[in-house]
Amino acid sequence: MRMVSPAVKVKKIPMRQCIACRTKKPKRELMRIVRDPEGHLHLDLKGKSPGRGAYICVSGACLRKATKENLFARHLDAKPDAALLAELDDLFGDIES
Ligand SMILES: [Zn+2]
């Protein structure tokens with residue numbers, strides 16, 4: 001017999017951890033960087049690209065920390081190129097949180 005309580009049916013919000021500050025946040029509040037099969041990193045705005053991904057807060061502080069400490073490379077085994085870093089900086093380099 002399976003025990004299914006109504007409480008279990010509450011929709012769970014998927015949580016992901018920021019690679020910089022390690023805070024867990026709802027997936028949609030984080031940016032996803034994905035590594036494609038060729039080993040290139042790119043921004044996954046829809047959060048649906050296949051491949052290995054890393055998440056980061058939409059925060060200039062987290063972006064700088066991730067860049068300075070090479071966290072993208074550590075988590076994804078690939079280095080973000082200058083274009084991606086410029087794109088990220090453009091999007092949220094000035095946002096403090
Ligand atoms: Zn963060």
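Trainee: Which backbone oxygen lies 2.8 Å from a polar atom of the side chain of Arg32?

Mentor: In this predicted model, the backbone oxygen of Ser49 lies 2.8 Å from a polar atom of the Arg32 side chain. Arg32 itself belongs to strand 3, which covers residues 30–35.

Trainee: Why is Arg32 called buried?

Mentor: The word buried is kept for residues under 20% relative accessible area, and Arg32 has a relative accessibility of 9%, so Arg32 counts as buried. Leaving aside residues up to four places away in sequence, Arg32 touches a list of residues that includes His42, Leu43, Asp44, Gly47, Lys48 and Tyr55.

Trainee: What makes the pair of Asp44 and Arg32 a salt bridge?

Mentor: A salt bridge needs a side-chain nitrogen of Lys or Arg within 4 Å of a carboxyl oxygen of Asp or Glu. For the side chains of Asp44 and Arg32 the N to O value is 2.5 Å, and they therefore meet in a salt bridge. This pair links distant parts of the chain, with Asp44 in the loop between strand 4 (41–43) and strand 5 (52–57) and Arg32 in strand 3, twelve residues apart. Counted by this rule, there are four salt bridges.

Trainee: Is Asp44 buried or exposed, and how do you know that?

Mentor: The cut-off for buried is under 20%, and Asp44 stands at 5% relative accessibility, so Asp44 is counted as buried.

Trainee: Which residue meets Glu96 in a salt bridge, and where do the two residues lie?

Mentor: The side chains of Glu96 and Arg64 meet in a salt bridge, at 2.8 Å from N to O. Here too distant parts of the chain are linked, since Glu96 is in the segment after helix 3 (82–92) while Arg64 is in helix 1 (residues 60–68), 32 residues apart.

Trainee: Why is Glu96 called exposed, and why is Arg64 called partly exposed?

Mentor: Exposed means over 50% relative accessible area, and because Glu96 reaches 52%, Glu96 counts as exposed. Arg64 has 42%, a value between the two cut-offs of 20% and 50%, so Arg64 counts as partly exposed.

Trainee: What is the distance between the closest N and O atoms of Glu69 and Lys65, and why are both residues called partly exposed?

Mentor: The closest N and O atoms of Glu69 and Lys65 are 3.3 Å apart, and the two residues form a salt bridge. Partly exposed residues fall between 20% and 50%; Glu69 has a relative accessible area of 35% and is therefore partly exposed, and Lys65, with 32%, is partly exposed as well.

Trainee: What makes the arrangement around the zinc ion tetrahedral?

Mentor: The zinc ion is coordinated by the SG atoms of Cys18, Cys21, Cys57 and Cys62, at 2.2 to 2.3 Å. Four donors count as tetrahedral if all angles lie between 85 and 135 degrees, and the angles here are 103 to 116°, so the arrangement is tetrahedral. Along the chain, the donors follow the spacing C-x2-C-x35-C-x4-C.

Trainee: Are the donor residues Cys18 and Cys21 buried or partly exposed?

Mentor: Cys18 has a relative accessible area of 1%, under the 20% cut-off, so Cys18 is buried. Cys21, in contrast, has 36%, which lies between 20% and 50%, so Cys21 is partly exposed.

Trainee: How do you know that Ser59 is buried, and what does Ser59 touch?

Mentor: Ser59, found in the loop between strand 5 and helix 1, has a relative accessible area of 1%, under the 20% cut-off, and so Ser59 is buried. Not counting residues up to four places away in sequence, Ser59 touches Phe92, Ile95 and Ser97.

How values were computed
Residues numbered from 1 in each chain as written. Predicted model: local features only at pLDDT ≥ 70, side-chain atom pairs only at ≥ 80, totals over all residues. Heavy atoms only, no water. Helix = DSSP H or I, 4+ residues; strand = E, 2+ residues; numbered from the N terminus. Buried < 20%, exposed > 50% of the residue type's maximum accessible area, 1.4 Å probe, protein only. Polar contact = N/O pair within 3.5 Å; in protein donor to acceptor, adjacent residues only side chain to side chain. Contact = heavy atoms within 4.5 Å. Donors = N, O, S within 2.8 Å, 3.2 Å for Na, K, Ca; no water. Tetrahedral: all angles 85-135°; square planar, octahedral: opposite > 155°, others 65-115°.
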